[in-house]
Amino acid sequence: MEQLCKNIYSFPVVLPNSPLKAIHIYVITGENGSYVLDTGYNMKESKESMIAGLKELGLQIKDVSLIVTHLHSDHSGLISDFYEEGCDIYTSDEDGKLLEITATGEYWNKSLDLITKYGIEEEFDVTDNPGYKYQLSSQFEYTALKEGDTIDIGEYCFEVLDLVGHTPGHIGLYERKHKILFCADTILNTITPNITFWGFEYKNMLERYLNTIHKLKKLDVDYCFSTHRDQVTDHKVRIDEITEHHFERLAEVFNSLEDGKEYTIRNIASNITWRIRANSWDDFPPAQKYFASGETMAHVELLVNYGYVNMREINGVLYFSKNKSDIDDIRDKINIQS
């Protein structure tokens, strides 16, 4: 247990079988109640970590309200447990709706379509996805939060921020007076947040993510609390590093394409670099192939949107080919609201 600021605490909840190892859980206490940010997986080990952490603060699950920053199972897996204990649940309407169809199973039919689009249907099954394995166990009712809403907790007044990018409805909290930012998975240190493709109805997710982090760059922040690995010590510097990473990735994806050839997402993803302990694409765990394919697709989609790459679909599989000879002007083309 670590006290980060007055009445703001953090403790880890374990994420078994995940390279992330754990999630930083934040608890904000006040005379008008206590709030927990995010949950961990729907697993016995994660729930035991949550119960133990709250116990150190003299709390039980039934004593708190829960704010879920986004839909990923390491942040939402225990929602059903909180809901069954009578807790008030808060999340964005966008991710809340996706969580509802996750609980019913409808969401995973869409994942099957993406697997086909990427060309990895022979290498990945939806049951390999940790989001499937450790998802919440039942539907729940929630209060939808949107940009500009405020939550008063003790001496703090937190503004809700729309942090679209990592998921369609990712949210964060900002306390202007005390310069505190809870950014969840929007800014991470030592690793970069996964920016994936959610379907063509969620347009330009990579570009929207870049706009989100540059919006955060304008905030006055003394404390930047993210949910994995090391804490962010200078959010502006880290945002610049993450932005550069994505420009380098765009260039790498584009330069992996040869003139006159067509590629599936699987072809492209298997020929670019990834920070993973594997000798080749064939050695990637199935879940990592899915995540890598989704991130590759997010970058390719941006290149398609700006006319650098052509796209066509044949029998449900997407194929891509180079449309321009170079990518040197892409930094000027992308609409980042600095």
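The following paragraphs describe a seven-stranded sheet, the helices packed on it and one further helix in a predicted model.

Residues are numbered from 1 along each chain as its sequence is written, and side-chain values use heavy atoms, with hydrogens and water left out. In this predicted model, local features need pLDDT of at least 70 and side-chain atom pairs count only at pLDDT 80 or more, whereas totals for chains, interfaces and linings use all residues. Helices (H or I, at least four residues) and strands (E, at least two) are DSSP runs, numbered from the N terminus.

The sheet is open and has seven strands in the order E1-E2-E3-E4-E5-E6-E7, with mixed pairing. Two strands are taken to pair if DSSP finds at least two bridges between them. At the edges lie strand E1 (2-5) and strand E7 (143-145), each of which pairs on one side only. Neighbouring strands are turned by 30° against each other on average, direction ignored; axes are lines fitted to C-alpha atoms, for helices over the stretch in contact, and angles run from 0 to 180 degrees between N-to-C directions.

E1 and strand E2 (residues 8-14) run antiparallel and are joined by three bridges. Cys5 stands opposite Ile8 in E2. Helix H1 (residues 44-56) packs on the sheet and touches E2, strand E3 (22-30) and strand E4 (33-37), where contact means heavy atoms within 4.5 Å. The direction of H1 makes about 155° with that of E2. Helix H4 (residues 93-104) also packs on the sheet, touching strand E6 (89-92) and E7, and its direction makes about 110° with that of E6.

E3 and E4 form a hairpin with two residues between them. These strands run antiparallel and are joined by five bridges; Gly30 has Gly33 in E4 as its bridge partner. Four of the five residues of E4 are buried (under 20% relative accessible area, with exposed over 50% and partly exposed in between; 1.4 Å probe, protein chains only). With strand E5 (residues 64-67), E4 pairs in the parallel sense over four bridges, and Ser34 is partnered by Val64 in E5. The chain crosses from E4 through H1 to E5 in a right-handed β-α-β crossover; right-handed means that, with the strands pointing away from the viewer, the path from the first strand over the helix to the second runs clockwise.

Helix H8 (residues 235-255) has 21 residues and should span 30 Å at 1.5 Å a residue, the expected span being 1.5 Å times one less than the number of residues. The end C-alpha atoms of H8 are 30 Å apart, which agrees. Buried residues of H8 include His235, Ile239, Phe247 and Phe254.
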